[in-house]
Structures are given as structure tokens and as C-alpha cells.
Amino acid sequence: MQKLDEDAALTFYSEKGPDVGELQKAYDKTVNELFPYFSQCQRSFDERRNYWPGKSEDLRKHGAGAFPWDGASDTEAHVINERINAYVALCLTALARANIRAGAVEAGDVARSKVVSCFLKWMVDSYIPHFKEEMELNANYMFERGLMVTYVGWERENNKYLQKFTLDEIAAASPDLARVILEKSDDNTVAQMLISAYPGLSQKRAKKALNDLRKKGVAEIPVIRRTIDRPCAKAQAPDGDTLFPAYCTDYQQSPYVFHRVKMTVQQILNKVETSGWNREWAEYVIEHFRGVDTFAANGEYIRRSSTLGGATREWEADELVDVIYVYQRLIDREDGSMGIYCTVMHPSFTGKGDVPDKAKFELLNGYEDYPFVVTRLSADNKRLYDLQTVPEMLRGIQWQVKIERDSRIDRNGMATVPTLMHPMGRPPPDWGPGKRIGRMRENDYTFAPTPPFNPGSVEIEQTMLASADKLMGLDIENPLSAARRQYFVDKFLSHVQAVIKMAYNAFQRFGPDELFFRVTGVPDAQRFTKGDPDEDVDISIAFDVQNTDKETWEKKMEQTIALVPLDRSGRINMDALIEFAANMIDPMLADAILQPIEVAQEKMVKDVTDDLTKISSAIEVGARPNGAQMALSLVQQYASQPDVAQRLQQDEAFRERLTKYAEQYQMVLMQQQNAETGKLGTAPAAVGNVGTQTANSQSY
């Protein structure tokens with residue numbers, strides 16, 4: 001019966017609010033069941049950074065248990081770290097060079113999709129704070145700990161700052177307010193006027209400011225200096241920041257999710273003012289739980305056990321308070337409707353006296369899914385936490401490489417300072433470079449033979465490193481490596497794509513109705529309206545890892561451009577080809593020099609009409625470097641007008657200027673055609689205006 005009550009508390013919505021005691025039990029159970037994964041992450045962390053018990057700063061073995069001798073080599077081998085760093089760099093390069101586009105879901109969304117694409121690019125570059133830094137952290141988490149978890153939400157805060165105001169400054173802004181302050185009228189009325197003028201004021205501080213203004217002529221008044229109202233994307237340590245049940249397979253279908261945040265006192269008190277947290281709860285947990293670590297396995301504030309130079313490396317968080325956001329998918333008993341609810345609580349506090357057991361409980365209005373995006377490094381089984389990390393895959397190889405390097409270092413040490421053989425009971429009084437040692441007869445003291453150099457050790461290390469590169473897809477000579485690299489990069493980009501889409505959905509729910517933003521290459525601010533909150537867009541992010549190879553990319557472009565002369569039906573979008581090539585050369589440069597097709601056409605029309613105006617005014621001008629086909633069409637339309645046609649017959653100079661202008665554009669088109677004729681040896685085959693050159697090129 002008790003089990004049924006517990007399940008009901010975690011399944012059904014109650015008007016009384018959540019059962020915090022049951023939530024704490026679920027939290028403790030989740031932490032205990034995930035302990036094997038936490039241990040896996042701890043070991044992966046240590047192996048990536050070459051931490052091991054007994055490691056010393058001089059990278060030598062010391063103590064009675066040192067093998068093969070005290071002072072033997074204990075060097076580092078960064079096999080794992082080098083390959084993780086290589087993939088993190090590749091993922092961030094892909095993000096920087098990838099094209100972010102919003103595709104139309106319905107036919108009527110085509111025009112808006114272009115505007116949304118521009119807006120999404122601005123979101124990634126500027127609107128979402130520290131987006132690329134968070135994605136870099138995510139990439140490290142994925143390869144080191146096997147999971148990427150990103151929280152996507154909306155930040156809305158008013159930050160208050162104290163500022164000194166004099167009576168003269170208040171009078172300049174509001175003469176009536178300054179007058180009633182000096183008149184010493186009813187304090188409550190004047191305090192309310194101060195609060196109306198400065199919304200950050202409380203009743204108590206307003207009266208204090210009023211007294212200071214009357215006595216000193218100056219007062220400290222809190223003002224809202226900066227308002228935060230924007231989407232956010234935060235990378236989550238999968239071994240501590242965000243926890244799902246250990247049995248979870250589909251994180252969006254999980255009954256609950258625990259989102260753990262360590263907050264400063266200032267952040268908690270700010271939440272009381274801006275997010276409606278209970279003040280008594282906030283003050284109680286600050287007083288009793290500040291600096292109390294409730295979760296020793298946290299990936300960000302964990303106490304690392306590695307010892308360097310005799311000192312334990314530890315990270316403490318004595319000034320922070322654990323706060324748990326519990327997200328639940330609860331069902332209404334009456335109609336079966338489902339909602340995403342959020343409870344803010346402390347993992348060790350269930351209420352006391354008049355102090356409630358939670359800071360806040362609310363329905364996340366409009367949310368259909370949890371505000372998280374989760375991606376696994378590999379999906380070789382169903383459970384979310386049953387996975388293999390890169391350090392686990394390369395652990396054996398790294399230790400073998402370390403062993404081979406240690407053996408060669410020790411051998412070279414023995415060759416530099418060989419072992420000295422001496423008669424029993426008569427060790428040399430001193431030993432070292434330049435020292436003189438007397439001897440009674442020859443061969444009393446001799447060096448032990450130096451171990452011969454073993455070339456097989458180098459071969460073994462090279463074989464191990466080659467195996468690591470092959471396993472990770474970093475072996476350039478292996479034909480399967482490109483597919484392996486693309487697999488990992490696609491994992492990362494698919495996660496980024498889902499994060500961007502969730503951030504855009506958050507903007508549709510909570511963002512302003514319209515805003516202005518700037519993008520590179522466009523001098524004027526762009527206006528973007530939120531539109532339909534249920535609007536759906538198909539966001540795509542694409543990048544080919546082979547494009548990082550300059551020679552491969554150049555060959556692709558040459559082969560693509562070679563198809564242009566064969567395009568008789570206009571299937572190749574030349575504008576899209578130019579845009580793609582420019583983006584591959586330099587995305588920032590492409591943004592600066594490329595303009596929308598509509599803008600380019602309008603500019604071409606304006607330029608040609610300006611030229612025609614000058615020609616009509618007896619000013620001879622030359623053809624422009626591009627847009628020949630469109631320019632010729634405009635010239636023909638211009639010349640076909642009755643008044644212009646009549647002038648062409650009567651004004652010889654005007655006719656010569658216009659003819660010369662048109663012939664220059666014709667020459668540009670002819671040169672393009674001659675380039676094709678040079679390849680074929682003759683003019684391309686055609687029937688009228690329809691090209692038939694490629695009609696026989698199809699094989700059967």
C-alpha cells in the first residue's frame with residue numbers, strides 16, 4: 001500500500017502541491033543507483049588527465065613499493081587527451097563553418113524561413129550567451145563521459161544596483177517629486193511617489209531615502225540597471241548536474257528529472273524578487289545549508305583524489321547552496337491531461353514550522369517536453385547510462401604506451417649513469433661526473449653492462465598509437481576514418497541542432513513580440529516578429545569533415561563547377577553555388593560580401609537605370625562586371641519604349657553610347673560561351689533556344 005502511495009505522489013497532480021519527502025526519496029534512490037556511472041566518470045576523468053595514486057610532481061616512482069627501483073620513470077602518456085582534444089577541435093570547427101538554416105515545413109513558410117535562418121544565426125552568435133563555450137564544454141563531456149546534456153530555458157531577471165541621487169538630479173527628472181520632498185508633507189505619500197519613480201525601492205528603503213534627501217541632500221536608491229530577458233543554453237555535467245532515473249531509456253518519457261544547481265546567496269535572494277521564490281525558505285536554507293555538500297559525486301565541484309607533490313587536489317564550494325529543480329511529468333486524475341511541473345527544493349530539507357518545504361511549485365505553461373537535450377556518444381544499448389567512454393576505449397593502449405616509454409627512459413638513465421660494480425665491503429667514497437676514485441688494482445671497480453636498446457619497444461608504441469587512431473577514426477590512411485569522424489561530428493551537430501530548435505521554441509513562448517538585431521554584412525538592424533507561437537520550422541545544420549582538407553574541397557568545387565556548362569534546364573542554382581563556395585572559403589567574409597538575391601536584383605536594376613540616365617545625359621559609361629544577362633534585358637526594355645526608340649533614330653550620339661554599352665555586355669556573354677565552345681570544339685548543339693548538347697550523354 002505504501003508503494004502505491006509513493007507511486008501516486010510521483011505520478012498524479014495534486015492541488016496540495018508535490019510531496020517533497022517522496023521527491024527526496026526518489027532523488028536519493030537515483031543517486032545511489034547511478035553510483036556505477038559516477039565511478040565510471042571519475043575514472044575517465046583521471047585517465048584523461050593522467051592522474052593515478054602515488055603520482056609525484058617529478059614523474060618518478062618513490063617509496064618502498066617503487067618498481068623497478070626508487071626514482072624509476074613514471075611519465076605521462078596523453079593518448080586519450082590528445083584524441084579527445086582533436087575531436088573537440090573538429091566539432092567546434094564544424095559548428096563555426098556549418099550552415100544553419102530554417103527550412104519551411106509548409107508551402108506558405110518559404111518566405112519566412114529565410115528570415116528565421118538569419119535570426120537563428122544571430123541567436124547562436126549573440127542572443128544566447130556563451131553559446132559556443134557551452135557547446136565546447138558539451139563536446140568534452142560527450143567524449144570524456146559519454147553523454148551530452150544541455151538545459152535550454154529562458155532567463156528573465158531584473159538586477160538592482162545602488163546609486164546615489166541628489167535632490168538636484170531628482171528635480172531635473174521630476175520637479176514635482178523634489179518639491180513635495182522639500183515641503184515635508186505626508187511621508188507615506190511621498191514614499192509612494194519615490195517608489196513610482198524608482199520601481200526598485202521597497203517601502204522601508206523609500207522612507208530611509210526620503211530622510212537622507214531632506215537631511216543630507218543625497219540618498220542611495222536601488223535602480224534596475226540591466227534587465228535580462230533572453231534564451232539560455234547551459235551544458236550540464238552528466239555525472240552531477242542533471243540526473244535521470246538509472247532505468248531511463250527515453251529521457252523525455254522519464255517520470256522525473258533532477259536538475260542540481262549550486263547557487264550563491266545573492267542568486268537565491270534574487271530569485272525571491274524576480275521568480276517568486278518563498279522568502280522564508282530561501283533565508284532558512286541559506287542559514288543552515290550554505291557550504292553543505294549533499295552530493296559528493298558532482299562532476300563540477302567534486303573533491304578529486306589525485307595527489308601531486310603530497311597535496312590533495314580539492315575543489316570546495318563552501319559559499320554555495322545546493323538547489324534542486326525537480327521536473328515531473330504529472331497526470332491530472334480527472335481528465336488525464338498531462339503537464340510538465342517544476343518543484344524547487346533542497347535535497348535535505350522537508351520544511352520546519354512556518355518554513356515551507358519548497359521554494360516554488362509551478363506548471364511550465366506550454367511545455368510539452370522537459371527543457372533538456374541529451375545525446376549519447378554511442379547507442380549500442382537502450383539504457384541511457386549504459387555506455388562506453390573514449391577513456392575506456394583507449395585505457396589499455398594508453399597504459400601500454402606509458403609502459404614502453406617508462407622502459408626506454410629507465411634504459412637511457414642506466415646508460416647515462418651505469419650501475420657500479422665494486423668489491424664487497426668497499427663501496428667508493430664518492431661518485432659523480434669529474435670525481436676521482438683511487439684503486440688498488442685493475443678491475444676492482446667496474447660498470448655493470450648497460451641493457452641493450454630494444455627497437456621493439458618503439459615499434460610496440462607506434463603500433464599502439466596507430467591502433468588508437470584507427471579506433472577513433474583519426475588514421476588518415478584508413479578509408480573508413482572519414483566515416484568514423486563524420487559519425488562523431490554528426491552526433492555533436494545533431495545535439496546543437498536540437499538545442500537551437502528548443503531555444504527558438506522558448507523564444508516563441510517567452511520572447512518579445514518583436515526585436516531588432518544585427519548580422520554581419522548588413523549595416524541596418526533587422527526587425528523580427530515572433531509570429532505564431534505554434535509555428536514549426538525544420539532546422540538543419542550540415543558539415544562534411546572532408547571539407548577540412550583543402551585539396552578535397554577544391555576538387556569537389558572543380559567537379560561541381562564543371563557541371564555548370566552542362567546545365568541546360570537551369571537546375572543548378574548559381575546563387576546557391578556562389579553562397580556555398582564563399583561560406584567554405586570564409587563564413588565571415590561570405591556574410592560581408594554576399595547579399596540576398598532580391599537585394600542583388602534591386603541593386604542591379606538601380607545600377608543599370610543609373611547608367612541609362614547618364615547615357616541619356618550625354619555621359620558615356622562602361623558595362624558593369626557582373627549581371628550581363630539581366631543588364632541586356634533591361635537595355636532592350638529601355639530601348640523599346642516609344643520615346644527612346646524615336647530618340648535613337650534621331651540622335652546618333654545617343655545611339656552610339658547606348659549601342660556601345662549593350663555591346664560590352666554582349667561581349668561578356670560571348671566570352672562565357674566561347675569558354676564552353678573551347679571545350680567542345682564547336683558551338684553547343686541546340687534546337688532553337690533549347691540546348692541538346694547532352695541529349696546523347698545518357699547511357700542505357
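Helices α3 and α13 are oblique to each other, because their axes cross at roughly 45°, an angle that is neither under 35 degrees nor over 145, and not in the range 65 to 115. The axes of α3 and α13 come within 10 Å. In this predicted model, α3 passes α13 in a left-handed crossing. On the α3 side the residues that meet α13 are Q40, R43, S44 and E47. On the α13 side they are P391, E392, R395 and Q398.

Helix α13, residues 390-416, also packs against helix α14, residues 455-472. How are α13 and α14 oriented to each other? They are roughly antiparallel, because their angle of about 165° is over the cut-off of 145 degrees. The axes of α13 and α14 are 9 Å apart, and their crossing is left-handed. The residues of α13 that meet α14 include V390, M393, L394, I397, Q400 and V401. Among their counterparts in α14 are S457, V458, I460, E461, M464 and L465. A general point about helices helps in reading such lists. An α-helix has 3.6 residues a turn, so residues three or four places apart point the same way.

Another pair is α4 with helix α15, which covers residues 481-510. Helices α4 and α15 are oblique to each other, and their crossing is right-handed. The contact is made on the α4 side by Y87, L90, C91, L92, A94 and L95. On the α15 side, R484, R485, F488, V489, F492, L493 and V496 take part. The table sets out the three helix pairs.

| Helix pair | Axis distance | Angle | Handedness |
|---|---|---|---|
| α3 and α13 | within 10 Å | roughly 45° | left-handed |
| α13 and α14 | 9 Å | about 165° | left-handed |
| α4 and α15 | within 10 Å | roughly 55° | right-handed |

Helix α2 can be checked for its length. It has 14 residues, 20-33, and at 1.5 Å a residue it should span 20 Å. The C-alpha atoms at its ends are 20 Å apart, which agrees with that value. At the N-terminal end, D19 caps α2. A side-chain oxygen of D19 lies 3.2 Å from the backbone nitrogen of G21. Within α2, the buried residues are V20, E22, L23, Q24, A26, Y27, T30 and V31.

Two lysines in loops offer a contrast. Is K55 buried or exposed? Its relative accessible area is 6%, so K55 is buried, the cut-off being under 20%. K55 sits in the loop between α3 (35-48) and α4 (79-97). Its side chain is joined to that of E76 by a polar contact of 2.4 Å.

K352, by comparison, counts as exposed, because its relative accessibility is 54% and the cut-off is over 50%. K352 is placed in the loop between β9 (338-345) and β10 (360-363). Along the chain, K352 and Y284 are 68 residues apart. Their C-alpha atoms are separated by 9.3 Å.

Some totals describe the chain as a whole. Its secondary structure consists of 22 helices and 18 strands. The chain has 700 residues, and 39% of them count as buried. Of the contacts with a separation of 6 or more, 70% are between residues 24 or more positions apart.

Note on methods
Residues are numbered from 1 along each chain as its sequence is written. This is a predicted model: local features need pLDDT of at least 70, side-chain atom pairs count only at pLDDT 80 or more; totals for chains, interfaces and linings use all residues. Side-chain values use heavy atoms; hydrogens and water are left out. Helices (H or I, at least four residues) and strands (E, at least two) are DSSP runs, numbered from the N terminus. The expected span of a helix is 1.5 Å times one less than its number of residues. Buried means under 20% relative accessible area, exposed over 50%, partly exposed in between (1.4 Å probe, protein chains only). A polar contact is a pair of N or O atoms within 3.5 Å; within protein, one must be able to donate a hydrogen and the other to accept it, and residues adjacent in sequence count only if both atoms are side-chain atoms. Axes are lines fitted to C-alpha atoms, for helices over the stretch in contact, and angles run from 0 to 180 degrees between N-to-C directions. A crossing is left-handed if the near helix is turned anticlockwise from the far one by less than a right angle, and right-handed if clockwise. Contact means heavy atoms within 4.5 Å.
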